[in-house]
Amino acid sequence: MRRIAIAVAASTMTLSLAGCGVLDATGDGASASPTKGDDVTIGLLLPEKANTRYDKFDYPIIKNKVAELTHKKGKVEYANADADAARQAGQLQQMIDDKVDVILLDAVDSHAIAGQVKKAKDAGIPVIAYDRLAEGPIDAYISFDNELVGEVQGRSLLEALGSNADTSDKVVMVNGSPTDPNAKQFKQGALSELNGKVTIADTFDTPDWKPENAQAEMTEAINKIGKNNIAGVYAANDGMAGGVIKALKAAGVTSLPPITGQDSELDAVQRVVDGEQYMSVYKSYPDEAEAAAQMAVTKVQGKDIQFDALTQDKVDSPTTKDIPSKLVQVSALTKDSIKDTVLADGIYTIGEICTAKYKAACAAIGLK
């Protein structure tokens, strides 16, 4: 079985895939769940707006899936914290006060939210950690295979550097927010590919995943290393890749080094088409969001066998052991795989990607 270390604050979480077959249908998580019909209310707490995926994909997909699963009787109560941990704590408290039936929580700060998770548990409201593993007595967890995300990014960066890449090649790492446990996994996965093969000349943990923070960090790295001495940039997501590119251009770099990303945001896909960004990681938001909706509905309806079938992986957090979990796979998005990823899944259309500015670049790679 593959094991993945997940660091949160000063603690370490370990993850292992469970064996085949459906898990036992009993246990503390299952027994804590109320049983309801289709008139369920799902509380959905998403962490920030800098990444457009949350409002554009996650929320509407979850809302639609809940409606489908409950014959349009269920509803989703939604709040976005805009990267403010205190605001999210208040939003979670409001959902407790509103007596929602189950909460899907994508934490701004996985450690700071633990007390509010316990309050929800004490109020009889199950909490499912969505996309980021929160601390506290959560009932389940769903996310992408986050260490694999970093591995895909690291491997792709090495591929872009070519077969002659070695420790003379200097790479800058612009990692995600230190309060996001996923960022630590992404970095760990990337380092497992990059260490010993290139030199990590500078590295940053970027507050709140903000592109402007990434831009400032990249400017600092350029001043330290020299604009012509940077062979590649590991940017943990697409928004920050955009900030990195702005910093490089502002420094007068005309031939950009390979730059990674994650989330396959539309402007990032266009940058990949145009050659400004080497790659992004494609994560099927419909797969993750629909599975999360199914987990939430089956949990609150007390359908233990179905719930266990959806959560056949296991995760340990610093506060909770053997959390029923589901991990969703990811893949690299490059010029060569746009058709097989975001186009094949209907995330974007050719018309959305290949606007007037990118028509020639699209035609050159067969997108027309």
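## Helix H8 and its surroundings

Two residues are in contact when heavy atoms of each lie within 4.5 Å. In this predicted model, that criterion identifies what covers the buried residues of H8: strand E8 (170–175), helix H7 (211–225), strand E10 (232–235), helix H9 (266–274) and strand E11 (280–283) are included. The helix is mostly covered, with 10 of its 13 residues buried. These buried residues are Asp238, Gly239, Met240, Ala241, Gly242, Gly243, Val244, Ile245, Ala247 and Leu248.

The length of H8 is consistent with its residue count. The helix runs over residues 238–250, and at 1.5 Å a residue its 13 residues should span 18 Å; the C-alpha atoms at its ends are 18 Å apart, so the two values agree. At the N-terminal end, Asn237 acts as a cap, with a side-chain oxygen 3.4 Å from the backbone nitrogen of Gly239. After the helix comes Gly252, which has a positive phi, near 90°.

## The second largest pocket

Which residues lie nearest the centre of the second largest pocket? They are Gly239, Gly242, Gly243, Lys246 and Arg271, out of a lining of 15 residues. The elements giving two or more residues to this lining are H7, H8 and H9. H8 gives the most, with 7 residues.

The space in this pocket is about 200 Å³. By class, its lining comprises 3 nonpolar, 4 polar and 8 charged residues. H8 thus links two parts of this description: Gly239, Gly242 and Gly243 are among its buried residues, and these three glycines also lie among the residues nearest the centre of the pocket. Gly239 additionally supplies the backbone nitrogen in the cap formed by Asn237.

## The loop between H8 and H9

Two residues in the loop between H8 and H9 have a positive phi without being glycine. Asp263 is placed in this loop, and its phi is about 110°. Ser264 lies in the loop between H8 and H9 as well, with a positive phi of about 55°.

Are these two residues buried or exposed? Asp263 has a relative accessible area of 5% and is therefore buried, the limit being under 20%. Ser264 has a relative accessibility of 2%, so this residue also counts as buried.

## Enclosed cavities

How many cavities of 30 Å³ or more does a search of the whole structure find? The search finds 3. The largest of them holds about 110 Å³ of space. It is lined by 14 residues, and those closest to its centre are Tyr54, Arg132, Asp180, Phe186 and Trp209. H2 and helix H6 (181–194) each supply at least two residues of this lining. The lining divides into 3 nonpolar, 4 polar and 7 charged residues.

The second largest cavity contains about 60 Å³ of space. Its lining consists of Pro47, Glu48, Ala83, Val108, Arg132, Ser177, Thr179, Asp208 and Trp209, which by class are 4 nonpolar, 2 polar and 3 charged residues. Arg132 and Trp209 appear in this lining and are also among the residues closest to the centre of the largest cavity.

## Lys65 and Asp345

Lys65 belongs to helix H2 (residues 53–69), an element that also contributes to the lining of the largest cavity. With a relative accessibility of 12%, Lys65 counts as buried, because the cut-off is under 20%. Leaving out residues up to four places away in sequence, Lys65 touches Glu290, Ala293 and Gln294.

Asp345 is located in the loop between helix H12 (339–343) and helix H13 (350–353). Its relative accessible area is 41%, so Asp345 is partly exposed, a class that lies between the limits of 20% and 50%. When neighbours within four places in sequence are set aside, Asp345 is in contact with Tyr282 and Ser284. Ser284 is 61 residues away from Asp345 in sequence, while their C-alpha atoms are 8.0 Å apart in space. The other partner, Tyr282, falls within the residue range of strand E11 (280–283), which is among the elements covering the buried residues of H8.

Definitions and conventions: Residues numbered from 1 in each chain as written. Predicted model: local features only at pLDDT ≥ 70, side-chain atom pairs only at ≥ 80, totals over all residues. Heavy atoms only, no water. Helix = DSSP H or I, 4+ residues; strand = E, 2+ residues; numbered from the N terminus. Expected span 1.5 Å × (residues − 1). Buried < 20%, exposed > 50% of the residue type's maximum accessible area, 1.4 Å probe, protein only. Polar contact = N/O pair within 3.5 Å; in protein donor to acceptor, adjacent residues only side chain to side chain. 1 Å grid on protein atoms, 1.4 Å probe; cavity = no way out; pocket = protein on both sides within 12 Å on 5 of 7 lines; lining within 4 Å. Points joined across faces, edges and corners; volume = space filled by probe spheres on them. Nonpolar A, V, L, I, M, F, W, Y, C, P; charged D, E, K, R; others polar.
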